[in-house]
Structure formats: structure tokens, C-alpha cells
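Let's take a friendly walk through the cysteines, the nonpolar cores and the enclosed space of one protein model. Please have your viewer ready.

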Amino acid sequence: MSDPTTDPSFSSFLEVEEKSPFPIQNLPYGIFSPPDSSTPRVGVAIGEHVLDLALLNAEGAFDHSVVADKRPFAQSSLNTFMSLGKPVWSTVRERVHTLLRADTPELRDDSGLREKVLHDRDTVTIHLPVEVGDYTDFYSSEHHARNVGTMFRGPENALKPNWKHLPVGYHGRASSVILSGDNVRRPCGQTRPDDDEPPVYGPTQLLDFELEVGFFTGPGNTREEPIPIENTADHIFGFCLVNDWSARDIQGWEYVPLGPFLGKSFATTISPWIVPTAALDPFRVPGPEQEPEPLDYLRDDGDWAFDVNLEVDLQTEGMDTAHTVCRSNFKHMYWTVRQQLAHHTVNGCNTKPGDLMASGTISGPTEDSYGSMLELSWRGENPVELPSGETRAFLEDGDRVILKGHAQGDGYRVGFGTAEGTVRPAIC
Ligand code: CA
């Protein structure tokens with residue numbers, strides 16, 4: 001049965017431009033406070049507006065008993081809503097879709113209600129949408145893993161023996177997941193720039209971005225009860241853009257033998273609007289062929305890669321506008337999000353509403369699709385040339401990095417908005 005909420009033939013009574021990231025087929029969730037209140041609540045982005053779900057619920061717009069009882073929208077994070085599960089997410093999404101449709105008079109013709117529950121998006125304050133309990137970062141783009149492996153170990157040993165058998169990942173730091181627009185302080189730390197000299201302390205010289213897409217889990221599993229791969233999609237609430245900022249020199253010195261630590265944990269930027277998994281359904285495509293065939297618990301049916309165009313724009317202090325340095329696509333992931341979640345829980349590890357799982361840097365096959373400065377400048381050997389005449393091997397103070405993403409439909413796009421941040425000078 002086709003899902004009316006992604007049907008391209010429906011439009012909203014609110015005007016939505018063709019290139020808007022937020023048409024009625026998207027309906028992403030976020031946390032905002034309206035101009036006349038400091039109380040954060042759940043909203044849905046539609047065109048240039050935000051729909052206030054907390055007020056709508058208070059007005060009795062949702063007759064679902066769970067939604068009425070648990071008040072998931074009068075919250076300062078999406079976690080409660082995420083905990084309620086897919087049947088409730090679907091019911092809410094269908095109801096919001098109906099309310100915003102051009103052929104539904106209920107909200108369209110009620111100017112008093114419209115006045116209350118619809119805000120201009122540029123007048124509201126946007127907050128971090130999720131109280132992130134745990135953050136896991138995978139390493140699931142083969143192009144990225146091969147590029148980095150080639151740089152440090154040569155093309156023969158680019159992929160470690162485990163890479164094609166399991167989605168490699170590590171436990172990141174949830175406390176430093178920040179909202180798009182928050183600045184990023186260049187981190188200080190210990191590095192060893194000269195192998196023949198002792199390590200030194202100071203600002204990272206090799207600051208980088210990583211172009212990633214993340215998903216949030218909910219309701220999640222209890223401990224000791226893995227999520228079978230066929231059920232994983234019931235626990236994937238939605239997606240956002242992720243910039244997993246990285247200090248390559250700190251990382252390079254510290255990571256043996258336990259993996260990334262302070263080179264990663266200083267900041268991770270996410271986009272504010274969480275795109276529901278249902279909104280990306282029409283953009284599911286086959287992923288890369290997996291050879292060798294994964295073990296049974298990782299064997300997946302159906303198309304679970306997503307055709308989402310991604311780009312990274314860079315603007316230095318000397319530039320008037322940002323310049324695109326990378327064009328990639330979420331479909332380049334070798335391991336699917338379902339395989340990631342099945343693998344994450346197969347040992348009995350529990351996941352909770354609001355856990356963030358990031359893809360790992362999403363690089364494509366071509367040199368202009370590499371998702372980090374490390375790859376774009378090939379370890380600094382070929383600095384990226386910018387229209388201002390400047391070059392960049394890694395990020396410098398004042399550089400603004402903007403991640404963008406959208407899935408292109410026929411006459412509309414399901415967009416992610418942006419995840420951006422500007423590098424501030426170190427204080428060491
Ligand atoms: Ca990463």
C-alpha cells in the first residue's frame with residue numbers, strides 16, 4: 001500500500017518552493033521555542049514555517065490516546081516521542097500530513113488556530129533536537145576506508161581483514177554533540193609531529209571535517225536482546241547530517257591501540273531537523289554489492305541504501321560566499337543502517353531512544369566526492385584551491401564548514417537543511 005505522506009501529488013496549503021528542503025513529503029521534527037515563549041517544544045518544519053505540535057496537541061488535534069497521555073511534544077527533546085515507536089510515529093506523521101494538506105480545511109480555514117500553531121521559521125529559536133544518550137560512529141564507506149588505508153598502509157593493505165565482514169565502529173562522545181551554528185574551538189592536545197622527538201602540547205595543526213549522516217534510535221532494545229536485522233527499521237526514528245570534526249594529528253598519536261579519543265571528542269555538529277525514516281522511503285536504492293556475503297545475522301533483504309545528495313561547502317574569512325569542496329551521496333555506504341544496528345546489538349548491547357549512530361565519513365568514488373580534507377588534500381600533499389586564491393590542506397581559524405543534503409524527488413526535494421560551524425582559534 002502506498003504511503004500518502006510521501007505521495008508527490010499532495011501539496012500543502014502553505015506555499016512551499018520547489019527547492020525548499022521541507023515540503024509536505026518531508027515533515028522533519030525538531031525542537032524550537034516560538035518568539036513569545038522560552039519553552040522549547042516539538043515542531044515540524046514545513047516550507048518557511050514551523051508547526052507547533054505541543055500546542056496542536058493541547059488543542060486536541062491528536063486523538064491518539066498515547067499521544068494525549070504522554071504529551072511527547074511538550075518536551076525539550078524528541079526522546080519521548082522517539083520512545084513511543086513506529087506505530088505512533090506513523091499515526092502522528094499521517095495526522096500532521098492531513099492537517100497541512102491543501103485539500104483539508106481543518107487548519108487551512110481556521111485562522112485563529114493557524115495563528116497559534118504556525119510560526120515563521122526565521123523567528124523561532126532552534127534547539128538541539130535530541131538529548132543524545134550515546135553516540136556511536138561507524139566507518140562504513142568503502143571509498144573512505146580505502147582512501148585512508150591507502151594513505152597510511154598502502155593500497156595492498158588499505159582495508160583491514162575485518163572490514164568486509166562487519167561494520168567497524170567505535171563509541172563516540174555524546175556530551176559534545178552540538179547544534180548546527182555552534183562554533184567549534186580548535187582543540188588543544190598532545191601530538192608528535194616529529195617521530196624522532198618527544199610529543200608536544202598545543203593546538204591541532206590538522207583540523208578536519210567529516211561528512212556523515214546519522215540516525216537516531218528509538219524505542220531501542222533491552223539488554224541481552226539483540227535486534228534482528230529484519231526488525232531494525234522499527235528502531236530507526238530518522239536521520240540528520242553529522243560533521244564529525246577531527247584533529248588528525250591528535251588522533252594519529254593517541255589512537256594506538258584503543259582507537260579514537262580526544263582527536264574526535266571535542267565536537268560533533270548535527271543538523272537541527274530530523275528527517276523521518278518514512279520520508280526517505282521513496283529514495284531507497286540498492287547498496288553496493290557485498291562480497292564476501294556477510295554472516296547470517298548481517299544478511300539483509302531489500303534496498304537499504306538511500307539516494308541522498310550530500311555536499312560540503314567551505315568559506316574562509318577571505319571569501320564572500322561558500323565554495324563547494326565535496327559532492328557525495330549517502331548511497332555510497334557499503335554497510336546499511338540496518339546492518340549497523342543489527343551488528344551494534346548482536347552482543348546484547350542495549351540501545352535507547354535518542355542514541356545517535358553516525359555513518360562514518362561518506363566518500364564517493366571520485367576525487368571531488370571525498371568527505372574530508374584528509375582525503376581531498378590527500379594528507380595535505382595536494383591542497384584544495386579555493387576561488388579566493390587561497391588553498392587549504394586542513395581547516396584554518398575562521399573557516400566555516402557547511403554540510404548540506406537532500407533527496408531529489410520529482411518536483412520536490414526532501415532536504416536535511418544544513419549542519420554548519422565556524423572554527424574559532426585555540427585557547428591552549
Ligand atoms: Ca567519523
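Cys 326 is buried, at a relative accessible area of 0% (buried means under 20% relative accessible area, exposed over 50%, partly exposed in between, with a 1.4 Å probe and protein chains only). Before going further, a word on the source: this is a predicted model, in which local features need pLDDT of at least 70 and side-chain atom pairs count only at pLDDT 80 or more, while totals for chains, interfaces and linings use all residues. Residues are numbered from 1 along each chain as its sequence is written, and side-chain values use heavy atoms, leaving out hydrogens and water.

**Cysteines**

How many disulfides does a search of the whole structure find? The search gives one, a disulfide being a pair of cysteine sulfur atoms within 2.5 Å. Cys 188 and Cys 428 form it, with their sulfur atoms 1.9 Å apart. The torsion about their S-S bond is about -95°, so the disulfide is left-handed. Cys 188 sits in strand β10 (residues 188-191) and Cys 428 in the segment after β26, so the bond ties together parts that are 240 residues apart in sequence. Strands here are DSSP runs of E, at least two residues long, numbered from the N terminus.

Cys 326 is in no disulfide. For Cys 349, the closest cysteine sulfur is too far for a bond. The table puts these values side by side.

| Cysteine | Nearest cysteine sulfur | Relative accessible area |
|---|---|---|
| Cys 326 | Cys 240, 17 Å | 0%, buried |
| Cys 349 | Cys 240, 19 Å | 24%, partly exposed |

Cys 188, from the bonded pair, is partly exposed at 25%.

**Nonpolar cores**

A nonpolar core is a set of buried Ala, Val, Leu, Ile, Met, Phe, Trp, Tyr and Cys residues joined through side-chain atoms within 4.5 Å. The largest one holds 52 residues, and Phe 239, Leu 280, Val 325, Phe 330 and Leu 395 have the most contacts inside it. Strand β26 (residues 413-424) gives the most to this core, with four residues. Another core, of 43 residues, lies apart from it and includes Val 44, Leu 56, Val 67 and Val 92.

**Enclosed space**

A cavity is a set of points on a 1 Å grid over the protein atoms alone where a 1.4 Å probe fits but cannot get out. There is one cavity of 30 Å³ or more. The largest cavity has about 40 Å³ of space, the volume being that filled by probe spheres set on the grid points. Among its lining residues, which have an atom within 4 Å of a point, are Trp 304, Phe 330 and Trp 335.

Methods. On a 1 Å grid over the protein atoms alone, a cavity is a set of points where a 1.4 Å probe fits but cannot get out, and a pocket is an open set with protein on both sides within 12 Å along at least five of seven lines; lining residues have an atom within 4 Å of a point.
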